[in-house]
Amino acid sequence: MNKTNLKHILFILPYLSLGGTEKQAFSLIEKLIDKHEISLLAPEGEGKLTFMTLPIKQKEFTRWDYNFFKGFWELFRAVKQLNNQKKIDLIHIHGAHELMIPIRLILGKIPMVFTVHGYHGYNANISYRLSCLLSNILANNVISVCEAEFNILKELGLNEKKLNLIYNGVNKPVLNSEISLTYIDKFSLNPEKEIIIGTAARLNEVKGLTYLLQGFAIVNKHLLSNNDGLNNNLKLVIAGTGKLETALKKQAKELKIAHRVVFAGYINDLPNLMSLFDVFVLPSLQEAASLACIEAMSLAKPIIGTSVGGIPEQVYDNVNGFIVEPRNPQQIADSLIKLIENPSLREKFAKNSYLRYREYFDSEVMVQKTVELYEKTINL
């Protein structure tokens, strides 16, 4: 393909792990490579091999939190080199507002889009405020991945003319039944006889998994006391890795549910495992726009999610699932019991999940809106 006349778009990521930021960037790049010349600038990370499958130019810089001066110089040099090879028409920066500063120093008034993927932890408010300040000065347009984030940015003073709501999206999964069968064997699952509750998340505090375990224990006690046999056909699958893995496994033992809980570790083809779930649970304490939740919707799963961030925009209470308060294992348990004991309700929520996915969270919708924003930004 002759790319001489194609627009050159540079994606910059502050890290290259396997999280939602990288997945969204990957989805965009994957859809754009036939229409634009794409370059990627990011530190080396565990997601590197995934991006290497794409036919794009890739350069690395040291993470600023590891070595600021080395990382700044490498970023400066890489951007210069890429621009010399072919003039950059637009830069899309993901997640790290501070990366806008060197880009303006290097390339002046080049069109720039910045995506806020949500900030967590003690410094979240500072990060939001800095994003607004720097975006007002340096960015041409800003993408918010959910309405909850959109409202936060607007309230903190981000110029509304620059602010755009574009939901994260995922591709409709292509399932491989043989891979799903390997998971059935590996994790001793029985989809025909068991009700399989599942989640996918980093095993850290912000994902609220300790409350999911507590809620699951309550469900087990309830079903056991009813003596209806459902208790013997119940599994909880937790996909993901993180620093709380040991603590969560210990908690499962203390709650006497370890024999019903599967810690699946990191799954690189999550839809093939998620297709086995009967219910997907997202017990997060903080969340912007969960890609795992969208993947569950694309697979037509009923969902239980917490009332934080963008989750209520994905899960409509009593439409495609239940919304519960964070840190509330009893509400998680009550919602699970309703879905376990009512197959027709699971089926109703499942259908509605898929419909919401197709209307709002399909990657095609995300890409179309992003491309329209690129065109508007370049033509400013």
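## Arg327 and Lys256

Arg327 is exposed, with a relative accessible area of 52%, in this predicted model. The value lies just on the exposed side of the cut-off, because exposed means over 50%. Arg327 is placed in the loop between β13 (321–324) and α13 (329–340). Its phi is positive, about 60°, although Arg327 is not a glycine.

Lys256 also has a positive phi, near 65°, and is likewise a residue other than glycine. Lys256 belongs to the loop between α9 (245–254) and β10 (261–265). With 68% relative accessibility, Lys256 counts as exposed.

## The second largest pocket

Arg327 is one of the residues that line the second largest pocket. The others in this lining are His120, Gly121, Tyr122, Glu205, Val206, Leu285 and Gln286. The space in the pocket is about 180 Å³.

By residue class, the lining divides into three nonpolar, three polar and two charged residues. Arg and Glu count as charged, so Arg327 and Glu205 are the two charged members of the lining. Tyr, Val and Leu count as nonpolar, which places Tyr122, Val206 and Leu285 in that class. Gly is among the residues that count as polar, and Gly121 therefore falls in the polar class.

## Aromatic pairs and a cluster

Twelve aromatic pairs are found in the structure. In one of them, the ring centres of Trp64 and Phe72 are 5.8 Å apart and the planes meet at 40°, so this pair is tilted. The angle falls between the two cut-offs, because planes under 30 degrees apart count as stacked and those over 60 as edge-to-face. Trp64 counts as buried at 16% relative accessibility, whereas Phe72 is partly exposed, with a relative accessible area of 24%.

Phe68 and Phe69 make an edge-to-face pair, with 5.3 Å from centre to centre and 80° between the planes. Phe68 counts as partly exposed at 38% relative accessibility, and Phe69 counts as exposed at 68%. Trp64, Phe68, Phe69 and Phe72 form one aromatic cluster. The cluster thus includes a buried residue, Trp64, and an exposed residue, Phe69.

## Charges over rings

Two basic side chains are placed over aromatic rings. Arg356 lies over the face of Tyr316, at 4.0 Å from the ring centre. The charged end of Lys338 sits over the ring of Phe322, at 5.2 Å from the centre of that ring.

## Cysteines

The count of disulfides is zero. Cys132 is in no disulfide, and the nearest cysteine sulfur, that of Cys146, is 14 Å away. For Cys293, the closest cysteine sulfur is also in Cys146, 12 Å away, which is too far for a bond. A disulfide needs the two sulfur atoms within 2.5 Å.

Cys132 is buried, with a relative accessible area of 2%. Cys293 counts as buried as well, at 0% relative accessibility.

## Ile378 and Val113

Ile378 lies in helix α15, which spans residues 363–378. Ile378 is partly exposed, with a relative accessible area of 22%. In sequence, Ile378 and Val113 are 265 residues apart; in space, the separation is 9.8 Å from C-alpha to C-alpha.

How values were computed:
Residues numbered from 1 in each chain as written. Predicted model: local features only at pLDDT ≥ 70, side-chain atom pairs only at ≥ 80, totals over all residues. Heavy atoms only, no water. Phe/Tyr/Trp six-rings, centres within 6.5 Å; stacked < 30°, edge-to-face > 60°. Buried < 20%, exposed > 50% of the residue type's maximum accessible area, 1.4 Å probe, protein only. Lys NZ or Arg CZ within 6 Å of the ring centre and 35° of its normal. 1 Å grid on protein atoms, 1.4 Å probe; cavity = no way out; pocket = protein on both sides within 12 Å on 5 of 7 lines; lining within 4 Å. Points joined across faces, edges and corners; volume = space filled by probe spheres on them. Helix = DSSP H or I, 4+ residues; strand = E, 2+ residues; numbered from the N terminus.
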